[in-house]
Structure formats: structure tokens, C-alpha cells
Protein chains: 2
Amino acid sequence: MENFSPEQRLEQMVQRLRDGDNRITPQRLAVLKVLAYSNSHPSAENIYSELVEHFPTMSLATVYKTIALLKHKGEVLELEFSDLGNRYDGNKPYSHPHVICTECGTIIDPSMHDLEEITKQMAIETGFKITTHRLDFYGLCPDCQSK
Amino acid sequence: MENFSPEQRLEQMVQRLRDGDNRITPQRLAVLKVLAYSNSHPSAENIYSELVEHFPTMSLATVYKTIALLKHKGEVLELEFSDLGNRYDGNKPYSHPHVICTECGTIIDPSMHDLEEITKQMAIETGFKITTHRLDFYGLCPDCQSK
DNA sequence: CATCAAATGATAATTATTATCCACAAAGAT
DNA sequence: ATCTTTGTGGATAATAATTATCATTTGATG
């Protein structure tokens with residue numbers, strides 16, 4: 001998976017919506033921009049409050065709907081947190097590691113790949129004091145595959 | 001991290017509560033038993049509905065309170081899912097990989113440790129068709145460490 | 001520029017979890 | 001065994017994030 005610039009990502013997202021016969025409304029474009037340019041893994045609320053200043057007509061529901069659309073098309077990665085709420089990554093919409101501060105909720109992207117050793121590197125690279133991790137694999141179980 | 005039998009885990013949990021001057025009530029004991037013996041990563045609701053049959057006085061609030069207590073003491077692992085709701089693992093209350101079916105929500109424990117290669121092994125071992133994974137590290141960021 | 005399906009926005013509904021509060025019960029002292 | 005105290009259970013209200021609803025508005029195509 002290569003990295004794309006925010007400009008490229010925005011263009012990719014827009015194209016993806018066009019291809020799916022989805023309209024490029026000002027509201028959607030605004031949400032896409034935030035997702036493409038932000039590297040802070042914003043929540044829906046974050047996106048909304050950033051936009052509502054310069055776009056008073058914006059509704060939180062629209063943010064959620066746009067995110068749902070992008071999620072469906074694989075153009076945004078959803079990070080699920082029951083306590084922090086969901087956070088979104090539009091820069092790299094594919095599965096990749098994150099480092100989350102359990103105190104302030106900061107989420108950053110480390111740059112790498114293995115595991116017991118990885119955790120140490122992770123700590124060195126990010127300066128975090130890592131206490132635990134989460135590694136889940138998602139897919140279809142045998143029962144569900146045969147349906 | 002070694003594995004303990006359900007009996008051992010139950011004893012550990014009970015001991016942990018006793019040490020903390022927490023009372024071992026019938027309700028708590030019942031919740032602990034489910035957590036120690038179940039290997040299906042139950043939700044709070046799952047635990048409640050399993051218990052309420054044979055324990056009509058049980059309240060869902062009590063289940064949540066008991067879980068919170070155990071979580072605080074590190075005796076249960078919370079798996080956060082914004083869509084499935086939280087699920088709990090009392091067998092192995094330490095961080096370890098899971099394999100989750102995105103269709104039916106089944107969660108199982110694989111038996112191993114590494115990552116690109118791991119995903120393949122994971123698929124072979126579990127029969128899942130793995131489409132994505134989640135790898136998060138949790139800890140304190142530099143800012144929060146210095147407070 | 002007229003059409004019309006699709007999107008917006010305000011709000012209600014839903015769902016999981018947490019907080020509240022009082023009656024009650026567990027564990028230690030008498 | 002009974003008393004006492006303090007923690008706990010249970011019913012329910014409150015909270016918070018997300019999703020659904022639906023009347024109104026709007027973007028894109030012919």
C-alpha cells in the first residue's frame with residue numbers, strides 16, 4: 001500500500017463517488033477534504049465542528065451519512081473505540097497499525113511491521129510508554145463463507 | 001502468559017476480589033463463573049441473559065458493575081466494538097489476538113504470534129477468510145507521561 | 001432550464017453503557 | 001446469635017454516540 005498526498009486522496013475519493021453515481025455536494029466535498037487532509041484521526045463530531053464554523057448549514061447527520069458512504073466504498077478506515085467513539089482515517093483507508101494514548105486519546109500512525117519486537121520499536125519510535133496492544137483479524141468464519 | 005483452567009481462573013478472580021476487600025456475593029460469583037468458563041467472549045447482555053434464567057433476581061446493572069470492577073483489577077479483557085458492543089474475555093485477561101467474523105460476530109482465540117505470515121496462518125488455523133485486521137498499541141504518549 | 005431522484009438538515013429513535021438512590025445483605029464485633 | 005456498618009444489588013433514569021425518519025431542497029442530466 002503506497003501513500004498518497006492529501007490532494008491525491010481527495011481526488012480519489014471524489015472520483016470514487018462520481019463512479020458510483022453519487023453527487024458531489026458542497027457538504028460532501030467539505031467532509032472529504034477534512035478526511036483527506038487531516039492526520040489526527042478525527043471523530044464525526046470533530047469533523048462537524050471544524051466545518052460548521054465556515055459552513056453554518058452543515059449538519060452532523062450529513063457528516064455521518066458521508067462517512068457511511070465512504071466506508072461502504074472502502075475510502076475511509078473506521079477505528080472503533082467504545083470509549084473514545086469512532087475515529088476515521090481518510091489518508092490511508094486500509095488496515096494499518098495505530099498507537100493510541102490511553103490518557104488523551106491521541107492516535108498516531110507508526111511506520112512499521114512485526115510484533116514482540118515491534119512493540120519495542122513502536123515505543124522507541126513514538127515515545128509512548130506502551131502498556132498493551134490490540135491485534136484483531138477480521139473476516140468470514142467458515143459457517144458464513146458457505147452461505 | 002500461561003493458560004489457566006476455568007477453575008483456576010475463577011479462583012484467581014475470587015481471590016483478587018477478596019484481596020481488595022470486595023465482597024463475594026452470589027451475583028458476583030455467578031458473573032465470575034460465566035467469565036471464567038465461557039470461551040465465547042460474551043457481551044454484558046449475554047452474561048445477563050444466561051444468568052437471569054437460573055437467577056431471576058439478577059440485574060443487568062450488576063453485570064456491568066461486576067465487569068467494571070474486574071476490568072479495574074485487570075481480571076477481564078474488554079474487547080471494544082462499536083457495532084457488536086463490548087465483549088469480554090475472563091479466561092485470558094491479557095492482550096492477545098482475536099479472530100472476529102464480520103458476518104456473525106463470532107470471536108475466537110487463535111494460538112499464535114507474528115504478522116504478514118501470521119495472517120495466512122490465522123486463515124489456515126481458523127478456516128476464516130480474513131479480509132482485514134486490527135493492530136493497535138495502547139499506552140501513554142510523551143505528553144501524558146510527563147504529567 | 002426543467003425535471004426528478006438523491007441529498008440535506010432538523011429531529012426523533014435506538015442502543016449500549018453509566019449514574020443514581022434506597023433497601024438490603026455480608027462480614028466483623030459484641 | 002444479634003447488631004452494626006458499610007458495601008452491594010436492583011430498578012430506573014440519564015447519557016452519549018449513532019442511525020433512522022421525512023419534509024424540503026438541490027445537483028446533474030437531457
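This is a short tour of a predicted model with two protein chains, A and B, and DNA strands C and D.

**Stop 1: chain A alone**

Start by hiding everything but chain A. Its secondary structure comes to six helices and five strands. Colour from the N terminus on and you can follow the elements as α-α-α-α-β-β-β-β-α-β-α. Along its principal axes, the C-alpha trace of chain A spans about 45 × 45 × 30 Å. Chain A has 147 residues, and 30% of them count as buried. If you like contact maps, take the contacts in chain A between residues at least 6 apart in sequence: 37% of those join residues at least 24 apart.

**Stop 2: bring back chain B**

Now show chain B next to chain A. How are the two copies related? A turn of 180 degrees with a shift of 0.0 Å along the axis lays chain A on chain B, with an RMSD of 0.1 Å. That is the relation of a two-fold axis. To find the axis in your viewer, select A:Leu135: in chain A, its C-alpha is the nearest to the axis, at 2.0 Å.

**Stop 3: where the chains touch**

Select the contact between the chains, which takes 38 residues from chain A and 38 residues from chain B. On the chain A side, β3 (98-101), α5 (116-126), β5 (129-140) and α6 (142-145) each supply at least two residues. Which element gives the largest share of that side? Pick β5(A), which provides 12 residues. Colour the chain A side by class and you should get 17 nonpolar, 14 polar and seven charged residues. Of the interface residues of chain A, 100% are interface residues in chain B as well, so the copies meet through the same surface.

**Stop 4: the shared sheet**

Switch to cartoon and select the strands β3, β4 and β5 of both chains. Six strands form an open sheet with mixed pairing, and you can walk across it in the order β4(A)-β3(A)-β5(B)-β5(A)-β3(B)-β4(B). The edge strands are β4 (107-108) of chain A and β4 (107-108) of chain B, each pairing on one side only. If you want to see what holds strands side by side, turn on backbone hydrogen bonds: strands of a sheet pair through these, either parallel or antiparallel.

Zoom in on β5(A) and β3 (residues 98-101) of chain B, which pair in the parallel sense over four bridges. Step along the pair: A:Phe137 stands opposite B:Val99, A:Tyr138 has B:Ile100 as its bridge partner, and A:Gly139 stands opposite B:Cys101.

Stay on β3(B) and look at its two faces. Both are covered: B:His98 and B:Ile100 on one side are buried, and so are B:Val99 and B:Cys101 on the other. Next, move over to β4(B), which runs antiparallel to β3(B) and is joined to it by two bridges. Here B:Val99 turns up again, standing opposite B:Ile108. Five residues lie between the strands of this hairpin, where B:Gly105 takes a positive phi near 80 degrees.

**Stop 5: helices across the sheet**

Add α5 from each chain. α5(A) lies across β3, β4 and β5 of chain A together with β5 (129-140) of chain B, and runs at about 120 degrees to β5(A). Then select α5 (residues 116-126) of chain B: this helix lies across β5 of chain A together with β3, β4 and β5 of chain B, at about 120 degrees to β5(B).

**Stop 6: the DNA**

Finally, show the DNA, beginning with strand C. Which residues are closest to DNA strand C? Among the 23 residues that surround this strand, the closest are A:Thr57, A:Ser59, A:Thr62, B:Gly85 and B:Asn86. For the elements behind that surface, pick α2 (26-37) and α4 of chain A together with α4 of chain B, each of which supplies at least two residues. By class, the surface near DNA strand C has eight nonpolar, 11 polar and four charged residues.

Swing round to DNA strand D, which is surrounded by 23 residues; the closest to look for are A:Asn86, B:Asn22, B:Thr57, B:Ser59 and B:Thr62. At least two residues each of this surface come from α4 (60-72) of chain A, and from α2 (26-37) and α4 (60-72) of chain B. Coloured by class, the surface near DNA strand D shows eight nonpolar, 11 polar and four charged residues.

Methods
Residues numbered from 1 in each chain as written. Chains lettered and ligands numbered in written order. Predicted model: local features only at pLDDT ≥ 70, side-chain atom pairs only at ≥ 80, totals over all residues. Near = placed C-beta within 6 Å. Nonpolar A, V, L, I, M, F, W, Y, C, P; charged D, E, K, R; others polar. Contact = placed C-beta atoms within 7 Å. Pairing = 2+ DSSP bridges. Axes fitted to C-alpha atoms, helices over the stretch in contact; angles between N-to-C directions. Least-squares fit on C-alpha atoms with pLDDT ≥ 70 in both. Buried ≥ 20, exposed ≤ 12 C-beta atoms within 10 Å, placed from the backbone.
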